Amino acid sequence: MINKSMCSSGVVKENKLVYKVKATHFADETADTDKNRYGIGAGIGVRPGSFRVDGFRKSFMADVEAPSVRPPEAITIAIHRVRGLKGQKGDVVNTTIRVEFGEKTIGESPKVDCTLDSSAEFNYNATLNCTYDDPIALDEIANRPVVLTFIEVLPKEKRQKEEKTILLGQCTVDLLPLLKGETTQKYTLVINSLPGSPLEQIPPDFSRPEVDVTISVNDALLDESQLNDGNLFAITMESLYSPPDSWTQTGQQYHFVATLPIPVSGEKEFTLVYPSGQLKPPIDKELPNKQKKWAIPGSAQGPSQYINDSFISTSPIEDEDGDFKEKEDREHRSYAESEKNRVCWNTERRCYLEASAIKNFQDSVAKCRLWPVEIFRIPQASAGKGKKGRHYKEDHDASISFHGVAFVDLAPLLYPGVSKIHGAYKVYAYTDHLLNEKTGGKRKTGLAEEASKVAFNLLNRNSTSPSPKKGAKDEKKDLKKGRPGSNAQVRGDESGALLANRQSPRSSFGKLKEVTQAQKSDTASEYDQQVPVNTEGQQYVDCKSYIKLEFALTRPLVPKRPPEELARRVAEYIPPRPMFPKRTDGATRAVEDYHNQVATVANLILDEFRELFSDEIKEGENETAGLLESRRHKLIYQLNSSGKYFAFKEQLKHSVVKIVREKYLKTTTFEDRQEFQTFLSELYVYLIDQMHVSLGSVLALEDQPPIPKPLTDSAQLKHFAREAEVNENFALAERYYQERIARDKLDADSWFDYGTYCLYVNDVTKAEECFKECISLDQKHIYGLLLYGVVCTMTEKNELAETFFEAATCVNPKSILAWTMLGLYYDAVSNEIGAEMAYMEANKLNNQAAVSAAKDVREDEVDKEKEEKKDSVAEPPEPLPDADTAQDPELIPSSEGGLSVPGPPPELIIPTPTSAANSAKSSQRNNHEKRPSVLKKPGAPSQMKGKEQGSSIHQSRPTSTQKSQHDTPQPTDENLEDMPLREPTPVPTWSVYMQAVDWLLEVKAVPFTERALAHELLLPTGGPTAAYYIALAHLMLQKREFADAEENLKEALQLEHQNPDGWALKGHVKYLTGDLNTARECYERTLSFITDASEMHSIYLRLASIYLQEARFSEAKSTFLMACKRSPSCVSWLGVGIACYRLGELSEAEDALSEANILNNNDAEVWGYLSLVCLNTGRQLEAEQAYKYALKLNLDSEELIEEIKRKQEEVGFGNPQF
């Protein structure tokens, strides 16, 4: 029979022949001894089936060389020194250290004397072997600590056979750094005292005992591919809050168990069990920084069960990923976590996931995003003996009660860059039907039956251990005999504490569960029948129970591209344009540079000359040759003495050097002096000639008039272009956009606006080029990045579009628009996980913006109140009232001076819930009438404050006549008004989709606008709002679908009859369809509202044009003037001129037409009416010039041309053909 030590080495020597075998091949012969097939040190051999040994029989197969496998790696736990130990007797403590991993002792140090004041050198090494090809072994390394137990050895007394020992303390060593690629890790650990230990007597102000430990391996446990492909998954089970009210601290006691599945290998799922939940009363408050416990602490006790420097993270409720995070749930959570019982685990279970397990996990989450976490309780076993104890165990294996289940949405782990989710998850009553429904049929039955057996065996290990443990003497014998195989091997049963599905011949912890299609039975017919009812589990739902969990990965499953990479890819697709054009050096360029420098120096010398002799030149003295020579000497002297001559020479030097190098190609020194002198002569002549050329082209006898600045700036040109778009004069609009670019080609905004126009006229190719130019000029132009992504989506360049959308979110991570646009893109490509992530981030930013806006409003109100108080204090006090005033009960001096009318007592004016609700409804109704902006919320804080006051008074709470379970003091009526009110959580006025729609309508991105409106329609807000219908009508108007636009406007005006935007859009629809009477009525109604519409300029222009067509010239004039006052343009001033001309106000008409001509001197209609004005005022020359310009600019109004000709024939001039 081959013994275990031979199998652990993987080599068998017999009859001088060497054969390589695999230890797991002998499972049938070694079933009684090898209980840890999946543990550390197992599975090292490589060639199964080499031969078989059975008693005295041997059979041999062909000696086939096996592939090389890396041998086991020894993990060294080096204990260097110990400080501050205190023993039971005397100052000198004779100490030994026991090193354990799991339930096995892997070493025990020699005895060393320690003192409280000095450090003791142990320098002891214990080793632990680890294989590489077994993910289960690596999982154990991640999940188990090495436990160091410090033992005091007392001297033998008389007639004492063995030494007496006392346990002093423990500490745990974390092996996790070795799975992160480290080869050495040093620790300085605090030694935690054990119950009854002398270390408990150390005063708190004294330093605690410490030990220096180093863990190391010769080579890294994981190679580069394993580090990159694998991952560490940590699941922290925190607490169950608001449990059923029937759970009490008295009577029968129970253990509370949580369990969930997790993949550890590619095709298998293991059941994780958290068996040690404890029911705690509310008086036992939780610490702010809760430390995590080891999932498998081994022999660790007391504080050593906690993981060093590992604490449960806390985050604001709004940043959580669970179920109970809405504002209406916060009061329940606050009450449940402070005033009710809770079940605490605070345990972290780490899992090592290899590449196949990660792939399996990702596929499982993608197919079914809800991950079940089951909760139940089992009774605590009493100390039974013999058959009674065994029967008690069997009865309790199936005693599962209060079976509940929470469904954790793990889809956020598939978001790019997300490596952790944390939140509170609602607990439901468990049924197989619910599990099957929530998991989409992927899971038919739960894990509670299997997990209860594991938990019961773990919690009652001493009485129901599957196999007897070795005694202390046997362990010491093994250590002395130097059999590391028996000590370094760790039994798989303890890992069943949290890893239930270990398969071992004599394991009582359940069998390995393979989640494959072959093992899943088709039980659909069971769910077609009546759904079972879980009455105990229903109490979770009634009490609104929830469990807090955390799932954390070392690296995200889906890596997020960093901003640097996105910026680099954007620069690769669209290279940034330099702010200044590149100048190529050449002979021509060198000469031009010399001309420019000469001109610059000449101007400087001329300025100096004018400064010196300006007075003499003004006096007009006769300039003689002697006077000119004298001035020249004075100028040269001034230039030399001031140092300007040297500065001018240096300024010219660089351009001269360029001419020598580029034109004459002289870059080396001259060897012949004669050749050098010849070259200098030629160069001098050339430079003098070029100097004269430059001076002749620059200097003039008279000063040139300065070039006048343009009368219109970029903003006005943009306004004119938008006006031309509204009037459907697309050629004029394009000319304005191109003029903006011609004035400043380096302005990214000009290219962006031109691109939006091209998108509006459906010229996608030109729009793409414009957005490229915009991004090349400004790589962080967020709107350019977004619209270029829109164009790429329209042209089906999805990968490129995703890059630019992500780049926009990196440019401004706080942009609600950027995240919403990214979500709309993911919707377009059917990426549900990505869209959910983007929308979640956008909604979070939207809520933060609402909170910030409400805070600003509150601060403004506080500042205003302070100013009012200062003003009231500064006012002089009022004189005391006379007798008549004092007797009048309606005139009572107020505390701030003046008189106040007495009102009802304070308790009578507290708003009721009904009044508060009504005020909230009116506030919501008023908010719908505003533009989509989260910053415009006037009055909201005061209304919400009143609502909060009402709710704080009338909410159901334990009354003062009833005492709570723990005699918690309740607020009385006297101090009720002194209690601070909880600030209400502000709610955004507009959803992220409506904010995106507002921008998309402006930039004419029709496909994304439709998608955003569809999302707005699906929001659970009680149906579409007036703002939705108005936006949809605006979109239909852009698409020229007037009938649909009119139907949507009808719905919008039914919801909000006084919405100015709705009436304005209805007027536009009627105007474009030719119904001028209805359009005029809609425009007039819009102007009659107190609140203006979002875009008033087009309303003024179209209403005034209707007035002109109806010959109501006075109304037309006033309406056009309102447009000129708000935003003057050529069209508005032309309208004023036409109205004044028809009214016979020729002087005002000429002024208005002149203003229009200044803003746009290429408008033929303006020149035509100017010709009419000149004809009526008898100015022949000006009338002819205006008429010629009108014809030259292709005046297309036949009526106006006929009117001009009739007037010309009437006055007898104005036409050059006469």
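# Exercises on a covered strand, aromatic pairs and helix packing

Strand β20 (residues 342-353) is mostly covered, with 12 of its 12 residues buried. Buried means under 20% relative accessible area, exposed over 50% and partly exposed in between (1.4 Å probe, protein chains only). Strands (E, at least two residues) and helices (H or I, at least four) are DSSP runs numbered from the N terminus.

The model is predicted: local features need pLDDT of at least 70 and side-chain atom pairs count only at pLDDT 80 or more, whereas totals for chains, interfaces and linings use all residues. Residues are numbered from 1 along each chain as its sequence is written, and side-chain values use heavy atoms, with hydrogens and water left out.

## Exercise 1: The surroundings of β20

**Task.** Assign the residues of β20 to its two faces, and identify the residue of β15 that stands opposite Glu 348.

**Solution.**

Step 1. In a regular strand, side chains alternate between the two faces of the sheet. One side of β20 carries Arg 342, Cys 344, Asn 346, Glu 348, Arg 350 and Tyr 352. The other side carries Val 343, Trp 345, Thr 347, Arg 349, Cys 351 and Leu 353. Every one of these residues is buried, and both faces are therefore covered.

Step 2. Two strands pair if DSSP finds at least two bridges between them. Strand β15 (residues 231-241) is joined to β20 by 10 bridges and runs antiparallel to it. Thr 236 is the residue opposite Glu 348.

Step 3. Two further strands pair with β20. Strand β17 (residues 269-280) does so in the antiparallel sense over 3 bridges, and Gln 278 has Cys 344 as its bridge partner. Strand β18 (residues 291-294) pairs in the parallel sense over 2 bridges, with Trp 294 opposite Glu 348.

## Exercise 2: Two aromatic pairs

**Task.** Classify the ring pair of Phe 233 and Phe 361 and that of Tyr 573 and Phe 804, and state how accessible each residue is.

**Solution.**

Step 1. Rings of Phe, Tyr and Trp (its six-membered ring) pair if their centres lie within 6.5 Å; planes under 30 degrees apart count as stacked, over 60 as edge-to-face and the rest as tilted. A search of the whole structure finds 28 aromatic pairs.

Step 2. Phe 233 and Phe 361 lie 5.3 Å apart centre to centre, with 55° between the planes, and the pair is tilted. It links distant parts of the chain: Phe 233 is in β15 and Phe 361 in helix α6 (residues 355-367), 128 residues apart. Both Phe 233 and Phe 361 are buried.

Step 3. The ring centres of Tyr 573 and Phe 804 are 6.2 Å apart and the planes stand at 35°, so this pair is tilted. The pair also links distant parts of the chain, 231 residues apart: Tyr 573 belongs to helix α16 (residues 563-573) and Phe 804 to helix α26 (residues 798-811).

Step 4. With a relative accessible area of 36%, Tyr 573 is partly exposed. Phe 804, at 0%, is buried.

## Exercise 3: Charges over rings

**Task.** Which arginine has its charged end over the ring of Trp 371, and to which cluster does Trp 371 belong?

**Solution.**

Step 1. A charge sits over a ring if NZ of Lys or CZ of Arg is within 6 Å of the ring centre and within 35 degrees of the ring normal. The charged end of Arg 443 sits over Trp 371, 4.7 Å from the ring centre.

Step 2. Trp 371 is linked by ring pairs with Phe 233, Phe 361 and Phe 551 into a cluster.

Step 3. Elsewhere, Arg 735 lies over the face of Tyr 736, at 5.4 Å from the ring centre.

## Exercise 4: An open sheet

**Task.** Name the edge strands of the sheet that contains β5 and β14.

**Solution.**

Step 1. The sheet is open and has 4 strands in the order β9-β5-β14-β12, with antiparallel pairing.

Step 2. The edge strands are β9 (119-130) and β12 (184-190), each of which pairs on one side only.

Step 3. Strand β5 (residues 73-83) is joined to β9 by 10 bridges; Arg 81 has Glu 121 in β9 as its bridge partner.

## Exercise 5: Helix packing

**Task.** Are α25 and α26 roughly parallel or roughly antiparallel, and how do α35 and α37 lie to each other?

**Solution.**

Step 1. Axes are lines fitted to C-alpha atoms, for helices over the stretch in contact, and angles run from 0 to 180 degrees between N-to-C directions. Angles under 35 degrees count as roughly parallel, over 145 as roughly antiparallel, 65 to 115 as roughly perpendicular and the rest as oblique.

Step 2. Helix α25 (residues 782-794) packs against α26 at about 160°, with the axes 8 Å apart. Helix α25 is therefore roughly antiparallel to α26.

Step 3. Helices α35 (residues 1026-1038) and α37 (residues 1060-1072) pack at about 25°, with axes 10 Å apart, and α35 and α37 are therefore roughly parallel.
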